[in-house]
Amino acid sequence: MKHNEKIDNAEDIVLDIQDLAIRYVTDDATTYAVNHINLRLKRQGTLGLVGETGAGKTTTVLSILNLIPDPPGVIDSGKILVNGRDVHKLSPKELSEMRGKEVAMIFQDPMTSLNPVMTVGDQIAESIMLHEGLSKQDAYKKAKETLETVGISGERAGDYPHQFSGGMKQRVVIAIALACHPNILIADEPTTALDVTIQAQVLELMKKLKEDYKTSTIMITHDLGIVAEICDEVAVMYAGQIVEQGTLREVFKNTKHPYTEGLFNSLPNMNDRNSKLTPIRGLTPDPTIIYPGCTFAERCPYATERCHTEKPQQKWINENHMVACGRYDEPDFHIERR
Amino acid sequence: MKFLKKETSSDGRSRYVKKSKLQEVWHQFKKNKGAVVGLIVLILIFVLAVAASFIYDFKTDICMLSRNGRLLTPCLEHPFGTDHMGRSVLARVLYGARYSLLIGFVVVGISTGVGTLLGALAGYYGGKVETIIMRTVEIFLMIPNTLLGIVFVAVFGISLTNLMLALGLSTVPHFARNARSSVMTVRGNEYVEAAKALGVSDFKIIMKHILPNALSPILVQATTRVASAIISAATFSFLGLGVPSPLPEWGAMLSDARPYMRDYPHLIVFPGLAIMITVLAINLVGDGLRDALDPKLKR
């Protein structure tokens, strides 16, 4: 199998998620949030993780930091290797050293991800003190410098979060994440809570910092425009599974999976402003039910009898492009968008 | 420019520099007139409590039977009158401030400290830790405070220290419950998760991220509890389990004066007023402090 051959010669893989399955168990029901996914992040690469709300994107990345709340979260299977070390086998101390230093996370909503009673300088310095063992003064000085790199004057380090605008808060959040130069940066919808002009600024900043700091990034988003802007690899997630994965060019230009096609079709058409949107019909499947066949079959325009009964296998079309759709077993199947 | 102070640098240009945190808190506190009045009154009470030992002699003026006339109504020589043993009520009220303030603050210190710690642990960790702590606390909550205190004093003996321990520990459950609920509302915030994602230890998360944000209900409860601690101490003194008799604790003075209060109301009016004023001042300061410590309320 091509996929496995690639792992062997992969010195340049900073993050390797293998066969990860996570479910949330409550008294009433079991929610299958992530169902046996494989993901790899190349050194200095940017991976876009795309999918609808509830597809399991956030659960996947939280598990990289071992932050799945337990209970109710249960990790059924899988390994997560960060720089070759299994995250779930680390001691609490090692875990605490890894968080923030090797893997840092930018949270979705800058309004709530800053502590309202600490100055932003203190919040940035906290992580520096913890991971670099600097004294309070040195850490604070470095926090000011970090603040400057995200385009905020160092003099504002003594201000509280409520004295900043939304876009500036998100810059502060980015500064906190980047303060210790992590190898892997996870950005969980970093621009969702921001307006479009600020979005552009923040993305521009992230692109620049990615190059300066040489970090590898996982970008969670449901905006395909952002993916096209800054990612070089894309994984499309649907109902806890990765249905299509590949380089940006392959997935965007040579789309294979009907769900990915649906995502592109539901974008507004800039050339014909009067045309109606074509959304994907139906709703995301109930995550508490295990479907015998393809989870997308219910909504898929190409679904056959077999799709409802048989799980699709992951197929590597070429070494840069994977699709999980059963119809590709038929030699001349293709989707409309070509 | 309110939070900035003007500073002239070496090259002669003036610029605005941020004040330190303590200065900022003081700046906010100053704006609240009531809190400033409360603080002044509280300082005055402290000063008087200290000065009392220079003006009056503990043995002759405070404890022993006096040569003054008994039960004198307020006059020039004894502005607050004298009690049934001829002792000046003014002297005893001033001296009593020491006991009442000590009891008020130590008791609240014990119950806030222990209660907040237990509540924070329960609220932060949840699960088994919470079950064990909170069910134990609830068992103690079933027993009336006073009864619990009486049992404690009865077992360990009557003294000021034991009284304060008894009162402090018996109100721990209220603080634990309050702290737990406010910690639980803060725990779910994204910045707590963000701190975890940075590898900050649980202890630091509780101390730096959760407690400062959960502080206002705890602080409000603490200030009101100072008042009830002073009053509870009075109850204990009345039952003979609190401050031993000749000591002029305000509550003890109230209970001493009980048989005479119909004909000589000044015996309860002055210690009562003293309790009221102290409690009011503490509450005003507590409110002001809560607002001053909360950076979101800055205007």
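This briefing walks through two protein chains, A and B, and then stops at three residues of chain A. The model is predicted, so please read every value below as computed from that model. Chain A has 11 helices and 12 strands, while chain B has 12 helices and two strands.

**Chain A as a whole**

- The secondary structure of chain A comes to 11 helices and 12 strands, so both kinds of element are there for you to find in the picture.
- Taken along the principal axes, the C-alpha atoms of chain A fill a box of roughly 65 × 50 × 45 Å.
- The radius of gyration of chain A is 21 Å, which agrees with the value near 20 Å that a compact globule of 338 residues would have.
- Of the 338 residues in chain A, 52% are buried.
- Among the contacts in chain A with a separation of 6 or more, 64% are accounted for by residues 24 or more positions apart.
- Chain A exposes about 15700 Å², and carbon and sulfur atoms supply 50% of that area.
- Chain A carries 37 positive and 47 negative charges, and the mean positions of these two groups are 3 Å apart.

**Chain B as a whole**

- If you read along the sequence of chain B, the pattern is β-β-α-α-α-α-α-α-α-α-α-α-α-α, with the two strands ahead of the helices.
- The C-alpha trace of chain B spans about 70 × 60 × 30 Å along its principal axes.
- Chain B has 299 residues, and buried residues make up 44% of them.
- For contacts in chain B with a separation of 6 or more, residues 24 or more positions apart account for 68%.
- About 15200 Å² of chain B is exposed, with carbon and sulfur atoms supplying 67% of it.
- The 32 positive and 18 negative charges of chain B have mean positions 5 Å apart.

**A buried asparagine: N35(A)**

- You can find N35(A) in strand β2 of chain A, which covers residues 30-42.
- Is N35(A) buried or exposed? Its relative accessible area is 18%, so N35(A) is buried, given that the cut-off for buried is under 20%.
- The side chain of N35(A) reaches the backbone oxygen of A239(A) at 3.3 Å.
- Leaving aside neighbours within four places in sequence, N35(A) is in contact with L20(A), A239(A), G240(A) and Q241(A). A239(A) therefore appears both in this contact list and as the partner of the N35(A) side chain.

**Two residues with a positive phi**

- Some background helps here: most residues other than glycine have a negative phi.
- N83(A) is not a glycine, although it has a positive phi of about 50°.
- Where is N83(A)? N83(A) sits in the loop between β4 (73-82) and β5 (85-86) of chain A.
- N83(A) counts as partly exposed because its relative accessibility is 31%.
- K214(A) is not a glycine either, and has a positive phi of about 55°.
- In chain A, K214(A) lies in the loop between α7 (196-213) and β8 (216-221).
- With a relative accessible area of 52%, K214(A) is exposed, because exposed means over 50%.

Notes:
Residues are numbered from 1 along each chain as its sequence is written. Chains are lettered from A and ligands numbered from 1 in the order in which they are written. This is a predicted model: local features need pLDDT of at least 70, side-chain atom pairs count only at pLDDT 80 or more; totals for chains, interfaces and linings use all residues. Side-chain values use heavy atoms; hydrogens and water are left out. Helices (H or I, at least four residues) and strands (E, at least two) are DSSP runs, numbered from the N terminus. Buried means under 20% relative accessible area, exposed over 50%, partly exposed in between (1.4 Å probe, protein chains only). Contact means heavy atoms within 4.5 Å. Accessible areas come from the Shrake-Rupley method with a 1.4 Å probe; for residues, only the protein chains shown count as cover. Lys and Arg count as positive and Asp and Glu as negative; His and the chain ends are not counted. The place of a charge is taken as NZ of Lys, CZ of Arg, CG of Asp or CD of Glu. A polar contact is a pair of N or O atoms within 3.5 Å; within protein, one must be able to donate a hydrogen and the other to accept it, and residues adjacent in sequence count only if both atoms are side-chain atoms. The radius of gyration is taken over C-alpha atoms; the globule rule is 2.2 Å times the number of residues to the power 0.38.
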